[in-house]
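The following explanation leads the reader through one structure, from its overall dimensions to individual residues. Please keep the sequence and the coordinates in view while reading.

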Amino acid sequence: FSTNPVGPVAPFSQQDFEVYVTIPLAAPDGTQDVVTVTASSGGSLLSAQSVLTTTASSAPVYNLNLTPTTVTQSGDNNATVVYTFTVQNTGNQSDSYTLSLNNDDWPTSLSTSSVGPVAPSASATFQISVTVPSGAFGKTFDQANVTAQSQGDASVSATSAFTTEVTTSYAMRLTPASDSRIGNPGKTVTYTLSLYNDSNITDTYNLANTASAWPVAFSINPVGPVAPFGQQDFEVYVTIPAGTLDGEQDIVTVTASSGGSLLSAQSVLTTIATTQTITRGVEIAPPVSSGNGAPGSVVNYTLTVTNTGSITDSITLSASGNSWSTTLHPTLVSLPSLGQATVSISVTIPSAATAGMSDTVTIQATATGVSDSSLLTTISNYRLYLPLVFKNYP
């Protein structure tokens, strides 16, 4: 009201006043509001009323809020992080909103491509899912944006930023978990251990060993820094004292401890003394072989590896020099003296190979300090097409 109360008003006279009605910004076009104004006499019980009807009549207004405007969450590798956003219609018209993503580098998806219709002053929600890559490093992140655009007025939109971080996690392995080797008194036996950083963050590892009667040394200590999901080899040297009796042994436990966490891993190494002369040898046969097949086919080979040394040894098998896809199994065998194992090799001839093309692969067998190899040559054949002839007999 412009004034309240009204008066004093003289006998047989009148006084004007004003009533102000404010139409809400979000009031839809054509909506009405009815208010009854009552004036009551101060000197009697008399009163009088006036009914006022206000109608909203304005140009359509499209506007919105998108919340939260910024948000950050974290997750483990391979985990899916879910964000919830709210779109509020701050215009005076019912509206729907088209949703879009941009700047997303990690797998990101919307729960819906649009929301609405949303009434004035009302809200709607939607979700965004982000999958943290398996190979993402700890403390790295992906920052992306989501935009909600008015379908009533394409010039009206709102954008929010969401950041997904990788949760730092530590994991490690030390292989082999155990190993045993034989050596002569006065000689040093060498073990090769592999330290795997299965963490998503770089780590360094401190080495230690249990009390041992025989001298123990490491090729490096600490090991690392080792990159996330990487590995690094190191050697452990156990020296068998001169004069040690045949058959005596020493067991040492090697422990690798993470520098960034409380994790550790162990490998138990058993060294046995022998007074017999130790020889090392390995043979893979046949030394040369060849095969052929049609383009797109697989040619198989079988080789035999023999430990020609005087003691048990671990033999590693590998392929090199090939252009065509080649697989072999197994890749590691442990054989006693004169023991044998069969190795299977498969070579895939490319579908695009032409007749006469060939590929050569070297299969190498490596024991302690010695190796031998076999050369396999695979040739692509001609394709032979024969006509089909029909003959009618009387």
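The account below begins with the whole chain, turns to the strands and their pairing, and ends with selected residues.

The model is a predicted one. The protein comprises 29 strands and zero helices. Its radius of gyration is 41 Å, whereas a compact globule of 394 residues would have a value near 21 Å. Along the principal axes, the C-alpha atoms fill a box of roughly 140 × 95 × 30 Å. Of the 394 residues, 32% count as buried. Among contacts with a separation of 6 or more, those between residues 24 or more positions apart make up 64%.

How are the strands of the open sheet ordered? Four strands follow one another as E3-E5-E9-E7, and their pairing is antiparallel. Strand E3 (64-67) and strand E7 (108-110) occupy the edges; each has a single partner strand, so one side of each is left without a neighbour in the sheet. On average, neighbouring strands of this sheet are turned by 20° against each other, with direction ignored. At the E7 edge, the pairing with strand E9 (residues 123-131) is antiparallel and extends over three bridges. Within this region, Leu-110 stands opposite Ile-128 in E9.

Aromatic residues provide a further feature. The count of aromatic pairs comes to six. One aromatic cluster is formed by Tyr-83, Phe-85, Phe-126 and Phe-162. A separate arrangement involves a charge and a ring: the charged end of Arg-173 sits over the ring of Tyr-196, at 4.3 Å from the ring centre.

The discussion now moves to strand E27. In a regular strand, side chains alternate between the two faces of the sheet. Strand E27 (residues 340-348) has a covered face consisting of Ala-341, Val-343, Ile-345 and Val-347. Its uncovered face consists of Gln-340, Thr-342, Ser-344, Ser-346 and Thr-348. Which strands pair with E27? Strand E23 (residues 298-307) pairs with E27 in the antiparallel sense over nine bridges, and strand E25 (residues 326-329) is joined to E27 by four bridges, also running antiparallel. Two residues of the covered face can be placed against these partners: Ala-341 in E27 has Val-305 opposite, and Val-347 in E27 has Thr-326 opposite.

Several loop residues deserve attention, beginning with Gln-93. This residue lies in the loop between strand E5 (80-89) and strand E6 (95-102). Is Gln-93 buried or exposed? Gln-93 has a relative accessible area of 19% and is therefore buried, the cut-off being under 20%. Apart from its neighbours within four places in sequence, Gln-93 is in contact with Asp-29, Pro-60, Val-61, Tyr-62, Val-118 and Pro-120.

Thr-275 may be set beside Gln-93. Its place is in the loop between strand E20 (264-273) and strand E21 (282-285). Thr-275 has a relative accessible area of 57% and is therefore exposed, since exposed residues are those over 50%. With neighbours within four places in sequence left aside, Thr-275 is in contact with Asn-184 and Asp-246. The C-alpha atoms of Thr-275 and Thr-244 are 8.6 Å apart in space, while the two residues are 31 residues apart in sequence.

The backbone also has particular features in its loops and terminal segment. Where are residues other than glycine with positive phi found? One is Ser-121, with phi near 75°; Ser-121 is found in the loop between strand E8 (114-118) and E9. At 48% relative accessibility, Ser-121 counts as partly exposed. Another is Phe-229, which has a positive phi of about 60° and lies in the loop between strand E17 (223-226) and strand E18 (231-239). The relative accessible area of Phe-229 is 40%, and Phe-229 is partly exposed.

Cis peptide bonds complete the description. The bond from Asn-4 to Pro-5 is cis, with omega near 5°, and Pro-5 lies in the segment before strand E1 (32-40). The bond from Ala-285 to Pro-286 is likewise cis, with omega near -5°. Pro-286 is found in the loop between E21 and strand E22 (288-293).

Key:
Residues numbered from 1 in each chain as written. Predicted model: local features only at pLDDT ≥ 70, side-chain atom pairs only at ≥ 80, totals over all residues. Heavy atoms only, no water. Buried < 20%, exposed > 50% of the residue type's maximum accessible area, 1.4 Å probe, protein only. Contact = heavy atoms within 4.5 Å. Pairing = 2+ DSSP bridges. Axes fitted to C-alpha atoms, helices over the stretch in contact; angles between N-to-C directions. Phe/Tyr/Trp six-rings, centres within 6.5 Å; stacked < 30°, edge-to-face > 60°. Lys NZ or Arg CZ within 6 Å of the ring centre and 35° of its normal. Rg over C-alpha atoms; globule rule 2.2 N^0.38 Å.
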